[in-house]
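I opened the notebook for a fresh look at a protein fold. I wanted to know what sits inside, where space is left, and what the cysteines are doing.

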Amino acid sequence: MHALMTRFPREGQLRWIGLRPARDVPMREVPSAEARTGAGLVGDRYAGGSGKRGVTLIQAEHLPAIAALAGRDAVAPAILRRNLVVSGIALVALRGQRFRVGGVLLEGTDSCDPCSRMEQALGPGGYNAPGGMGGLCARVLEGGTLRIGDAVAWVGA
């Protein structure tokens, strides 16, 4: 079973980066971000906390499904309030695992469940729309610069 759980068909790719400098302000799309060990992303409100939620990720492939469940044509990544949108790799399989986004080493710590603000962002039923597809929280083990287009690759447990 271990061999199956540590085999990925390909690397993923970083598609979008967003920072939210304070509570109750919109996400700000950026082309790159600095990740600091044990802290998170410079300029994001969660930087400097416990580190378990230093970075939040969501899978690009889930955005159309969330939009459909919310009764929308599309959902912009900023509305879902995750820092990184990645494609091509199953984030759920990275929980409890170490992985690299470019040169930055992350460890998946927990699922990133939706919050009550999804009702406001997506409309009635918005809290349930991303159910099971809310993404992944991660801690920064080795910092560096994240850039759109960076590879996302499993490293190990």
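Below are my entries, one topic at a time.

**Entry 1: the overall picture**

I started by noting that this is a predicted model. I then looked up the secondary structure, and the protein comes to four helices and eleven strands. Of its 157 residues, 45% count as buried. I also looked at the contacts with a separation of 6 or more, and residues 24 or more positions apart account for 73% of them.

**Entry 2: the largest nonpolar core**

Which residues touch the most other members of the largest nonpolar core? I found L57, F99, L106 and L146, in a core of 23 residues. I next checked which strands feed this core, and each of these supplies at least two of its residues:

- β1 (12–19) and β3 (32–36)
- β5 (55–59) and β6 (84–87)
- β7 (98–101), β8 (104–111) and β9 (136–142)

Apart from this core lies another, of ten residues, and M27, I58, L63 and V75 are among them.

I picked L57 for a closer look. Leaving aside neighbours within four places in sequence, L57 is in contact with R82, L84, V86, L91 and F99, and also with G134, G135, L136 and A138. F99 was on my list for the core as well, as one of the residues that touch the most other members.

**Entry 3: L41**

I moved on to L41, which lies in strand β4 (residues 40–41). Why does L41 count as buried? Its relative accessibility is 0%, and the cut-off for buried is under 20%. Leaving aside neighbours within four places in sequence, I listed L19, A33, E34, A35, A47, G54, V55, N83 and L146 as its contacts. I looked up one C-alpha distance here: L41 and V55 are 14 residues apart along the chain, and their C-alpha atoms are separated by 6.7 Å.

**Entry 4: M27**

M27 had already turned up in the core of ten residues, and I wanted to see where M27 sits. The answer is the loop between β1 and β2 (28–29). M27 counts as buried because its relative accessibility is 12%. Not counting residues up to four places away in sequence, M27 touches W16, G18, L19 and R20, and further along the chain A78, R81, R82 and N83. M27 and A78 are 51 residues apart along the chain, yet their C-alpha atoms are separated by 5.3 Å.

**Entry 5: the cavity**

How many cavities of 30 Å³ or more are there? I count one. About 60 Å³ of space lies in the largest cavity. I wrote down its lining as R20, M27, D44, R45, Y46, R53, T56, R81 and N83. Three of my M27 contacts, R20, R81 and N83, are on both lists. By class, this lining divides into two nonpolar, two polar and five charged residues.

**Entry 6: the pockets**

I turned to the open spaces next. The largest pocket holds about 230 Å³ of space. It is lined by 14 residues, and V92, S111, G132, G134 and G135 lie nearest its centre. I sorted this lining into six nonpolar, six polar and two charged residues. G134 and G135 are familiar from my L57 contact list.

The second largest pocket has a volume of about 180 Å³. Of its twelve lining residues, I79, R81, R117, Q120 and A121 lie nearest its centre. The elements that give two or more residues to this lining are α3 (77–80) and α4 (117–122), and α4 gives the most, with four. The lining divides into seven nonpolar, one polar and four charged residues. R81 also appears in my cavity lining.

**Entry 7: the cysteines**

How many disulfides does a search of the whole structure find? The search finds zero. C112 is in no disulfide, and its nearest cysteine sulfur, that of C137, is 3.7 Å away. Why is there no bond from C137 to C112? Their sulfurs are 3.7 Å apart, too far for a bond, since a disulfide needs them within 2.5 Å. I also checked burial for the two: C112 counts as buried at 1% relative accessibility, and C137 counts as buried at 7%.

Methods: Residues numbered from 1 in each chain as written. Predicted model: local features only at pLDDT ≥ 70, side-chain atom pairs only at ≥ 80, totals over all residues. Heavy atoms only, no water. Core = buried A, V, L, I, M, F, W, Y, C linked by side-chain atoms within 4.5 Å. Buried < 20%, exposed > 50% of the residue type's maximum accessible area, 1.4 Å probe, protein only. Contact = heavy atoms within 4.5 Å. 1 Å grid on protein atoms, 1.4 Å probe; cavity = no way out; pocket = protein on both sides within 12 Å on 5 of 7 lines; lining within 4 Å. Points joined across faces, edges and corners; volume = space filled by probe spheres on them. Nonpolar A, V, L, I, M, F, W, Y, C, P; charged D, E, K, R; others polar.
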